[in-house]
Amino acid sequence: MRTLLLTGPGGSGRTTVAAATALSAARGGHRTLLISADRAGTLGAVGADQANLTVRGLAPGDEFRDDLLALQDRASSALDLLGAGRLEGEELTPLPGSDELALLRALRDAGQSAYDTVVVDLPPAPRALAVLALPEQLRRYLRRLLPPERQAARALRPMLGRIAGVPMPSAWLYETAARWDTELAAAQAVIEAPGTTVRLVAEPGPAGADAVRATVTGLALQGLRTDALHANRVLPADTADTWFAGLIAQQRKTLDAWQETYGEGLLPLPHLGRDPRGADDLAALAVPVPAGAPEPVRWPVVDALADDGVLVWHIPLPGAVREELGLIRRGDELVVTAGPFRRMVTLPSVLRRCTVAGAGLREGELRVRFAPDPDLWPRTGGTGNRRSGNVEGTNP
C-alpha cells in the first residue's frame with residue numbers, strides 16, 4: 001500500500017492538494033482512500049461519483065463519545081462505589097486531542113484495508129509532526145507506567161496488595177493498556193511502513209521556505225521520508241501585470257533554491273486565479289499520479305575504531321541548525337533535540353556498551369561519536385577487528 005501524508009504551513013492549500021492527489025491516483029487506476037478532518041467542505045470538490053475513490057471524513061466527536069461511554073461502562077463498579085454520577089452521551093463534547101486520536105484510528109484502519117493508495121490530509125505543521133510522533137510516544141509512556149511483565153504476576157496481585165498494604169492495579173487496567181498499545185502499534189506501523197512518505201505543501205516565498213526547512217528537519221528526526229514538495233499557487237513568470245512582478249521574483253528565487261535541494265521532488269502547482277471548486281479545477285492542478293516510495297531512511301553506525309577509536313552514529317537531519325541541536329544520554333536511549341522538536345531514540349545494541357565522546361553537524365547529518373566503555377566492551381588478545389566500515393544500518 002502506498003501512503004501519502006500531506007502537511008505544510010497553515011493556509012498553503014494543503015487540503016486542496018490532498019484532494020487533487022487522491023483524484024489523480026484514482027483516475028490513474030489506483031483504488032484510493034482520502035482521509036481528512038476538513039470541515040469546510042473542500043472534500044466535496046472531489047465528487048462522490050469518482051470511480052476508485054473513497055473519501056473518509058473524520059468524526060472525532062462521535063468516536064470520543066463512544067470511547068468514553070465504553071470506559072464508563074467498564075469502570076461502572078468503581079464509579080458506583082464512589083457514588084459518581086453517570087455521563088450521558090448527549091452531554092459529551094470532544095476534548096483537545098480527540099482529533100489526533102481519530103486520525104490515528106483512521107490510519108490504523110487504512111493499514112488493514114485493500115486500497116492501493118491512501119492520501120491523508122494531515123493538520124498543518126508542526127501539529128502534524130506531533131500527531132505522527134504520538135503513537136511512539138504514547139507506547140513508551142504505557143510501557144513505563146504499566147510494564148507488560150508486571151501483568152504476569154496477576155495471580156500474586158491480591159497477596160502483594162495485602163503485603164504492601166496498598167491496592168494493586170486491577171487486571172482491566174492492564175488489559176486496557178494492552179489494547180491501546182495494540183491499536184497504537186497498528187497506527188505506528190502504517191506511519192513507518194516502507195510505502196509511506198510525507199509530501200509538503202507550501203507557497204514559495206521566505207515564510208514558506210522557513211516553514212519547509214523546519215518541517216523537513218522535524219520529519220527527519222522522526223525517521224520519516226519527504227518524497228516531494230508541492231510549491232503551490234505558483235504565478236506565471238510571463239505575466240504582463242507589473243503589479244505582480246515583485247511577488248513573482250520572490251517566488252522564482254525560492255523555487256530556484258528548492259530546485260537545488262529537492263530536484264525532481266519539487267512539484268510546482270499553478271495558481272488558477274481562483275479557489276479550486278470542483279473535480280475539473282483539481283485536475284487542472286496536474287498533480288502527478290503517485291509513484292513508488294524511495295528507499296527507507298537509514299541511520300548507520302560507522303566503525304572508525306582503527307582511525308579514531310570511535311563508532312560514529314550518522315543521523316540525517318537536513319536543514320538542522322547547529323545552535324538548535326541538543327543531545328542527552330539517558331541509559332540506553334538518546335534524547336535528540338532539533339529546534340522545537342525532540343525525540344527519544346533507542347541506541348543500537350553496539351552503542352549501548354559505549355560512552356558518548358562528542359557530536360558534530362556536518363553535511364546535513366548529526367554525527368554522534370561513541371567510545372567503547374572498557375568495562376563493557378569485549379576484551380581481545382590484540383586490537384580486535386579494527387577495520388573501518390559500516391557496522392550496522394539501523395532504522396530510526
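**Strand pairing, packing and a cavity**

User: Which residue is the bridge partner of V336 in β12?

Analyst: In this predicted model, V336 has R343 as its bridge partner in β12.

User: What makes β11 and β12 a pair of strands?

Analyst: Two strands count as paired if at least two bridges are found between them. Strand β11, residues 333-338, is joined to β12 by six bridges in the antiparallel sense, so the criterion of at least two bridges is met, and β11 and β12 pair.

User: Why are β10 and β12 called edge strands?

Analyst: The open sheet has three strands in the order β10-β11-β12, and their pairing is antiparallel. Strands β10 (325-330) and β12 (341-346) each pair on one side only, and they are the edge strands for that reason. From one strand to the next, the twist averages 15 degrees.

User: What do helices α5 and α9 do with respect to these strands?

Analyst: Helix α5 lies across β10, β11 and β12, and runs at about 45 degrees to β12. Helix α9, residues 206-221, packs on the sheet, where α9 touches β11 and β12, and the direction of α9 makes about 20 degrees with that of β12. Touching here rests on contact, which means heavy atoms within 4.5 Å.

User: How many cavities of 30 Å³ or more does a search of the whole structure find, and what makes a space a cavity?

Analyst: The search finds one cavity of 30 Å³ or more. A space is called a cavity because a 1.4 Å probe fits there but cannot get out. About 40 Å³ of space lies in the largest cavity.

User: Which elements give two or more residues to the lining of the largest cavity?

Analyst: They are α5 (127-145) and α8 (171-191), and α5 provides the largest share, four residues. The lining consists of L132, A133, P135, E136, Q188, I191, E192, Q222 and L224. By class, the lining divides into five nonpolar, two polar and two charged residues; E136 and E192 are in the lining and count as charged because Glu belongs to that class.

User: What is the average pLDDT of the protein, and where is the pLDDT below 50?

Analyst: The average is 84, and 78% of the residues score at least 70. Over residues 159-168 the pLDDT is below 50, and beyond near neighbours in sequence this stretch has four contacts in the model. Residues 381-388 also have a pLDDT below 50, with nine contacts beyond near neighbours in sequence. Predicted coordinates should not be read in detail where pLDDT is low.

Technical notes: Residues are numbered from 1 along each chain as its sequence is written. This is a predicted model: local features need pLDDT of at least 70, side-chain atom pairs count only at pLDDT 80 or more; totals for chains, interfaces and linings use all residues. Side-chain values use heavy atoms; hydrogens and water are left out. On a 1 Å grid over the protein atoms alone, a cavity is a set of points where a 1.4 Å probe fits but cannot get out, and a pocket is an open set with protein on both sides within 12 Å along at least five of seven lines; lining residues have an atom within 4 Å of a point. Grid points are joined across faces, edges and corners, and a volume is the space filled by probe spheres set on the points. pLDDT is the predictor's confidence in each residue, from 0 to 100. Axes are lines fitted to C-alpha atoms, for helices over the stretch in contact, and angles run from 0 to 180 degrees between N-to-C directions.
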